[in-house]
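Open the structure in your viewer and keep the selection tool at hand. This tour goes from stop to stop and says what to select next.

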Amino acid sequence: MTNMTTPAADPAQGLQTAQQPAEAAAIRQDIAVQAIDLVKDYGEGDNAVHALRHVNVAFERGRFTAIMGPSGSGKSTLMHALSGLDSVTSGHVMFDGQDITTFNDKELTLLRRTNIGFVFQSFNLLPMFTAEQNIVMPLTLAGKKPDQEWLHTLAAQLGITDRLKHRPSELSGGQQQRVAIARAFIAHPHVVFADEPTGALDTVSSAEVMGMLRRFVKEMGQTVIMVTHDAAAASYADRALVFADGRIVADVANPTEEGMTELVMRQRQQATAGLKDGELAE
């Protein structure tokens, strides 16, 4: 397979450089996104849910990171905060050196449209449009014309060149997710966030999709941050974080399926034991 190439991404137009917090002054240029003392609470007082508890983590450019953990652990909340989809209670999110926690809704919308790609479990394709129209939708919304050469490169690499004129209902689940991946990469984003990208796919399609995401990282230098329950999916990443109770409890380089399965299982057992101990204490 030939290496994928892409022209350098144009800097986002109209994004204001936010005032950087003192804590972020020493952020390295090789960091794409960084969470600094990130807190996210839902509710107040005794009924408050602490989704993120003073999380500190940095994601390097050109790396593939998986975030794992049981439901309710905070992993999806972290991804939503890093991508500007959700606000935080306190702390900072530095995206390309800008503190996006200070951005207003318009600035966040522009950030997501120009610098961020998303891949979701449910594909989120518009049924009335063809695959090609779905792929270029971020550019259409931004009032920009697609780079046809890049569009056809993406389609070829993802194996959907002959499906571009088909609507989502005429595509398999795996083909729909490939269209969603092409859509995520069409605008040359700085970071792609993937939320359970294999959750609706069979084993074969899951492996194909994960292999494609890994190639985009290795051959294009793309930054990908993925939330997943699947240890097999996490094994494609360069790094895996494990979340529990709103905190990072493990940071693993070059994860394996067996190692991540064991690690997540151990966290679940510890959580279950903690609940039982709490019941006994009552």
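In which helix is glutamine 177 found? Select glutamine 177: it is found in helix H6. Before looking closer, note that this is a predicted model.

**The whole chain**

Show the chain as a cartoon. It has 9 helices and 10 strands. Of its 282 residues, 48% count as buried. Now think of contacts between residues at least 6 apart in sequence: 72% of them join residues at least 24 apart.

**Stop 1: helix H6**

Select residues 173-185. This is helix H6, with 13 residues. From the first C-alpha to the last, H6 reaches 19 Å, close to the 18 Å expected at 1.5 Å a residue.

Is H6 mostly covered or mostly open? Mostly covered: 11 of the 13 residues of H6 are buried. Among them are Gly174, Gln176, Gln177 and Arg178. The run from Val179 through Ala180, Ile181 and Ala182 is buried too. So are Arg183, Ala184 and Phe185.

**Stop 2: glutamine 177**

Stay in H6 and zoom in on glutamine 177. Its relative accessibility is 0%, so glutamine 177 counts as buried; the cut-off for buried is under 20%.

Which residues does glutamine 177 touch, not counting those up to four places away in sequence? Show Val119, Phe120, Gln121 and Phe123, then add Pro197, Leu201 and Val209.

Two of these neighbours deserve a distance label. The backbone oxygen of phenylalanine 120 lies 3.1 Å from a polar atom of the glutamine 177 side chain. For the backbone oxygen of proline 197, the distance to a polar atom of that side chain is 2.6 Å.

Next, mark the C-alpha atom of asparagine 124. It is separated by 9.2 Å from the C-alpha atom of glutamine 177, although the two residues are 53 apart along the chain.

**Stop 3: strands S6 and S7**

Select residues 116-120, which make up strand S6. In S6, 4 of the 5 residues are buried, so the strand is largely enclosed by the rest of the structure.

Add residues 191-195, strand S7. In what sense do S6 and S7 pair? The sense is parallel, over 5 bridges. Find phenylalanine 118 and look across to S7: its bridge partner there is phenylalanine 193.

**Stop 4: the aromatic cluster**

Show the side chains of Phe118, Phe120 and Phe193. These residues form one aromatic cluster. The structure holds 3 aromatic pairs. One of them joins phenylalanine 118 and phenylalanine 120, stacked at 5.7 Å centre to centre with 10° between the planes.

Now turn to phenylalanine 118 and phenylalanine 193. Their ring centres are 6.2 Å apart and their planes are at 25°, so this pair is stacked. The pair links distant parts of the chain: phenylalanine 118 is in S6, phenylalanine 193 is in S7, and their positions lie 75 residues apart in sequence numbering.

How covered is each ring's residue? Phenylalanine 193 is buried, with a relative accessible area of 1%. Phenylalanine 118 counts as buried at 14% relative accessibility. Phenylalanine 120 has 23%, and counts as partly exposed.

**Last stop: a charge over a ring**

Select arginine 239 and phenylalanine 59. Where does the charged end of arginine 239 sit? It sits over the ring of phenylalanine 59, 5.7 Å from the ring centre.

Note on methods: Residues are numbered from 1 along each chain as its sequence is written. This is a predicted model: local features need pLDDT of at least 70, side-chain atom pairs count only at pLDDT 80 or more; totals for chains, interfaces and linings use all residues. Side-chain values use heavy atoms; hydrogens and water are left out. Buried means under 20% relative accessible area, exposed over 50%, partly exposed in between (1.4 Å probe, protein chains only). Helices (H or I, at least four residues) and strands (E, at least two) are DSSP runs, numbered from the N terminus. Two strands pair if DSSP finds at least two bridges between them. The expected span of a helix is 1.5 Å times one less than its number of residues. Rings of Phe, Tyr and Trp (its six-membered ring) pair if their centres lie within 6.5 Å; planes under 30 degrees apart count as stacked, over 60 as edge-to-face and the rest as tilted. A charge sits over a ring if NZ of Lys or CZ of Arg is within 6 Å of the ring centre and within 35 degrees of the ring normal. Contact means heavy atoms within 4.5 Å. A polar contact is a pair of N or O atoms within 3.5 Å; within protein, one must be able to donate a hydrogen and the other to accept it, and residues adjacent in sequence count only if both atoms are side-chain atoms.
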